[in-house]
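Please look over the chain shown here. The report below starts with its main element and then turns to the rest.

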Amino acid sequence: MIIRCLNCGRDIVNNPDYCEHCHSPIMKEERYRQLRAQAFIRKQAQQEEKYRMKVEREAKERVEREAKEKANQEAKEAKKTEALERLVKKHILEEERRAREVADSEAKVKAKREAEEVKRVKKVERLARKYIQKEEKESINNNIKRSLNGGKK
Ligand SMILES: [Zn+2]
């Protein structure tokens with residue numbers, strides 16, 4: 001402990017009863033007052049240091065908490081985005097599948113219509129052939145009749 005001599009103003013160590021510089025007596029009350037003031041200042045400094053550390057710790061904890069919350073939020077957002085992308089992809093695949101089915105059924109309908117058209121054309125051709133054969137037959141019969149009745153014209 002260091003106290004100050006009230007007479008010469010210099011520092012005195014080890015709490016002597018007399019100043020080691022000017023040899024003036026150091027009153028017990030004065031020594032007690034100075035030591036108490038020093039203790040008060042020390043305690044004040046300790047409390048300030050404690051408060052400063054507390055503020056620092058709280059600030060650090062707040063930063064960590066906010067970083068954690070931000071990371072959580074980002075993870076949540078990423079999950080949401082991922083789920084949305086999965087949903088969109090599923091929807092696109094579903095649409096593609098439906099489009100393929102529609103195209104398939106349209107192709108089937110078209111093929112059926114074409115097959116029916118071919119059948120119809122063949123039927124018409126068959127009827128036409130039949131008609132021509134009938135005509136030819138009648139024409140031949142007429143020719144025969146005409147030649148049998150020849151001369152009697
Ligand atoms: Zn002194």
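## The helix

Helix α1 covers residues 28-148. Its 121 residues, at 1.5 Å each, should span 180 Å, and the end C-alpha atoms lie 177 Å apart, so the two values agree. This is a predicted model.

Cover over α1 is scant: among its 121 residues, the count of buried ones is zero.

## Overall layout

The protein chain holds one helix and two strands. Their order along the sequence is β-β-α. The radius of gyration is 60 Å, well over the 15 Å that the globule rule gives for 153 residues, so the chain is more spread out than a compact globule.

Along the principal axes, the C-alpha trace spans about 190 × 20 × 15 Å. Buried residues account for 3% of the 153 residues. Of the contacts with a separation of 6 or more, 16% join residues 24 or more positions apart.

## The nonpolar core

Which residues form the largest nonpolar core? There are five: Ile3, Cys5, Ile12, Cys19 and Ile26. In soluble globular proteins, nonpolar side chains tend to be buried together.

Setting aside neighbours within four places in sequence, Ile3 is in contact with Ile12, Asn15, Arg31, Gln34 and Leu35. Ile12 is thus a contact of Ile3 and a member of the core. Arg31, Gln34 and Leu35, also contacts of Ile3, fall within the residue range of α1.

## Cys5 and His23

Cys5 sits in the loop between β1 and β2. Is Cys5 buried or exposed? Cys5 has 20 other C-beta atoms within 10 Å, so it is buried; the cut-off for burial is 20 or more. Beyond its neighbours within four places in sequence, its contacts are Arg10, Ile12, Cys19, His21, Cys22, Ser24 and Ile26. The C-alpha atoms of Cys5 and Glu49 are separated by 30 Å, with their positions 44 residues apart along the chain.

His23 lies in the loop between β2 (11-13) and α1. With 11 other C-beta atoms within 10 Å, His23 is exposed. Its phi is near 60 degrees, a positive value in a residue other than glycine. Most residues other than glycine have a negative phi.

## Confidence

The mean pLDDT of the protein chain is 92, and 98% of the residues score at least 70. Among the elements, α1 has the highest mean, 95. The lowest, 88, belongs to strand β1 (residues 2-4).

Terms used: Residues numbered from 1 in each chain as written. Predicted model: local features only at pLDDT ≥ 70, side-chain atom pairs only at ≥ 80, totals over all residues. Helix = DSSP H or I, 4+ residues; strand = E, 2+ residues; numbered from the N terminus. Rg over C-alpha atoms; globule rule 2.2 N^0.38 Å. Buried ≥ 20, exposed ≤ 12 C-beta atoms within 10 Å, placed from the backbone. Contact = placed C-beta atoms within 7 Å. Expected span 1.5 Å × (residues − 1). Core = buried A, V, L, I, M, F, W, Y, C linked by C-beta atoms within 7 Å. pLDDT = per-residue confidence, 0-100.
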